[in-house]
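Hi,

Here is the structure I promised to pass on. Have a look at it first, and then read my notes below.

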Amino acid sequence: MDVNIKLWPAKWSVVSFIFMASFAICASADEADTVNFTLSHAITYDDNLFRLDRNESPLSTFGKTQKWEMINATTYGVNVSKQYSLQRFKFDISQTSYRYQNYNFLNFDGVNYDIQWNWSVTPYLKGNLVFDRKELPNTFANVNNINPLSTNTRTVKNNRFDVDWSPYGNWHLLGAISELTVTTDNSAPGQDNLDYSFEQKTLRTGIRYEFSSGSKLEYAANTSDGKYGDSNFSEALVSDRGYTEKRQEFLFRWVLSEKSKVDMKASYLDRSNDNFSQRDVSGWIGNVNYEWDVTAKTRVNFIAASDLYPTQATSYTYVRQYLVAVRPTWSVTRKVSLNGDLTYRDRSYNGFAPTPLSKDREETTKTASISLNWTPRRYVSFGVMLKRESRDSNITNEDFVSNSAMVNAALTF
């Protein structure tokens with residue numbers, strides 16, 4: 001591994017980190033404040049940014065041999081929260097500047113916001129009006145053909161209006177309309193990337209029954225109309241313009257005791273493409289999350305899930321994923337917490353393909369991370385995280401191992 005790290009950018013990263021820690025002495029914030037400002041800085045070191053096999057090198061694509069990267073992310077924003085009688089308004093907007101030391105074509109400024117009106121006519125008729133946007137770096141693990149002209153970002157915008165009406169005590173009638181837009185700047189026809197850009201409008205109706213114990217049962221029907229865009233359409237690649245999708249959802253929360261509960265969700269997904277039925281996908285998906293408060297300071301989440309990811313890739317139509325995870329949390333003190341994550345993913349790439357691989361692709365991914373968070377004052381926090389991710393694939397040059405470390409500091413004032 002090449003470790004000839006230039007010290008100039010790293011030096012200023014350390015200086016800015018120390019500055020934030022010093023500034024915390026004079027900063028203050030009150031949880032009851034209507035307006036709060038936030039400032040944070042994170043430094044991440046990743047020894048395999050592009051998730052390359054050990055036999056691969058970025059030299060031919062980028063003219064450099066370094067697989068590692070040092071990423072500086074500076075975030076500043078404002079949060080406004082105000083309660084008026086039964087109405088609550090929230091306005092949260094921030095900008096994060098991502099700066100890469102080796103591969104600075106990946107530099108970008110991401111704008112994120114979360115604007116909400118938690119409206120209520122009466123305590124029995126309420127809902128939400130939400131405008132949400134997140135622009136973040138996308139993982140290279142799902143990118144087969146790295147484009148040096150792309151910053152590989154993923155932008156998700158979700159606008160939603162929902163209604164919750166409980167006219168008969170524990171019974172709730174639910175309704176929602178939403179518009180989801182996902183933009184990935186590495187998404188293009190003729191690629192085998194898992195992520196694609198699309199727009200989706202959804203109508204959701206449902207019913208929920210809430211028990212006095214805190215348990216609940218819910219059923220909802222979702223009908224969605226999705227669009228990839230005319231530029232995606234290709235008869236040669238059997239790449240469609242859009243789709244319709246229906247989901248029948250069954251949700252169940254079971255409060256076992258004061259220290260444990262189970263959240264379960266099962267859905268039947270049925271997606272039909274506008275022009276090419278070869279890419280139609282249907283099947284059951286779902287997840288189970290068991291939350292256990294082992295002690296007053298220790299909590300463990302056990303998660304199992306199965307999912308389907310329809311795509312417009314050239315070598316497969318959908319991905320079936322099985323996931324198992326264990327995520328413990330330990331509140332060491334009132335100000336210090338320790339979090340862990342052990343996740344195992346098994347993926348199979350299936351369905352029709354205009355240019356199929358010589359054999360069906362199968363892979364497993366293992367992720368392990370541990371993070372420590374310290375909040376010496378309510379307006380300042382520090383964190384550190386270590387993470388290891390590895391993938392084992394039956395396709396040549398699709399294995400990788402990645403080790404990363406991150407430190408961050410955040411202020412609210």
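One definition before anything else: I say a charge sits over a ring if NZ of Lys or CZ of Arg is within 6 Å of the ring centre and within 35 degrees of the ring normal. By that rule, the charged end of Arg241 sits over the ring of Phe233, at 3.8 Å from its centre. Arg361 does likewise with Tyr349, lying over the face of the ring at 4.3 Å from the ring centre. Please keep in mind that this is a predicted model.

Now the overall picture. The chain has 413 residues, and its secondary structure comes to 2 helices and 18 strands. Along the principal axes, the C-alpha atoms fill a box of roughly 65 × 60 × 40 Å. Is the chain's radius of gyration in agreement or at odds with that of a compact globule? It agrees, because a compact globule with 413 residues would have a value near 22 Å and the chain has 23 Å. As for burial, 40% of the 413 residues count as buried.

Next, the salt bridges. A search of the whole structure turns up 24 of them. One of these pairs Arg204 with Glu249, at 3.1 Å from N to O. It links distant parts of the chain, since Arg204 is in strand S8 (residues 198-210) and Glu249 is in strand S10 (residues 242-257), 45 residues apart. The two ends differ in how covered they are: Arg204 is partly exposed, with a relative accessible area of 21%, whereas Glu249 counts as buried at 9%. The cut-off matters here, because buried means under 20% relative accessible area, and Arg204 has 21%.

Strand S10 also takes part in another bridge. The side chains of Arg271 and Glu245 meet at 2.9 Å, N to O. Again distant parts of the chain are linked: Arg271 is in strand S11 (residues 260-273) and Glu245 is in strand S10, 26 residues apart. Arg271 and Glu245 are both buried.

Arg361, which I mentioned above for its place over Tyr349, has a salt bridge as well. Its partner is Glu363, with the closest N and O atoms 2.9 Å apart. Glu363 counts as buried at 3% relative accessibility, and Arg361 is buried too, with a relative accessible area of 5%. Some salt bridges share partners, and in this way Asp164, Arg204, Arg208, Glu210, Glu218, Glu249 and Lys265 are joined into one network. So if you click on Arg204 or Glu249, you are looking at members of that network.

On to the aromatics. The count comes to 22 aromatic pairs. Phe62 and Phe105 make a stacked one, 5.3 Å centre to centre with 20 degrees between the planes. Why does this pair tie together separate parts of the sequence? Phe62 lies in helix H2 (residues 59-62) and Phe105 in the loop between strand S3 (87-100) and strand S4 (108-122), so the parts being tied are 43 residues apart in sequence. Phe62 counts as buried at 17% relative accessibility, while Phe105 counts as partly exposed at 26%.

Phe105 has a further partner in Tyr103, and that pair is edge-to-face: 6.4 Å centre to centre, 80 degrees between the planes. Tyr103 is buried, with a relative accessible area of 2%. Phe62, Tyr103 and Phe105 belong to one aromatic cluster, together with Phe50 and Phe140.

Then the surface. A nonpolar patch of about 1100 Å² is made by Tyr124, Trp165, Tyr168, Trp171, Leu173, Ile207, Tyr219, Phe250, Tyr268 and Trp284. Strand S6 (153-168) and strand S7 (171-184) are the elements that give two or more residues to the patch. Leu173 lies in strand S7 and counts as partly exposed, at 39% relative accessibility.

Last, a loop. Gly351 is found between strand S15 (336-350) and strand S16 (362-377), and at 49% relative accessibility it counts as partly exposed. Should you want a distance across the model, Gly351 and Leu149 are 30 Å apart in space, C-alpha to C-alpha, and 202 residues apart in sequence.

Cheers

Technical notes:
Residues numbered from 1 in each chain as written. Predicted model: local features only at pLDDT ≥ 70, side-chain atom pairs only at ≥ 80, totals over all residues. Heavy atoms only, no water. Patch = residues over 30% accessible without salt bridge, like charges linked within 9 Å, V, L, I, M, F, W, Y side chains within 5 Å. Areas by Shrake-Rupley, 256 points an atom, 1.4 Å probe, with all protein chains shown as cover. Salt bridge = Lys/Arg side-chain N within 4 Å of Asp/Glu carboxyl O. Helix = DSSP H or I, 4+ residues; strand = E, 2+ residues; numbered from the N terminus. Buried < 20%, exposed > 50% of the residue type's maximum accessible area, 1.4 Å probe, protein only. Phe/Tyr/Trp six-rings, centres within 6.5 Å; stacked < 30°, edge-to-face > 60°. Rg over C-alpha atoms; globule rule 2.2 N^0.38 Å.
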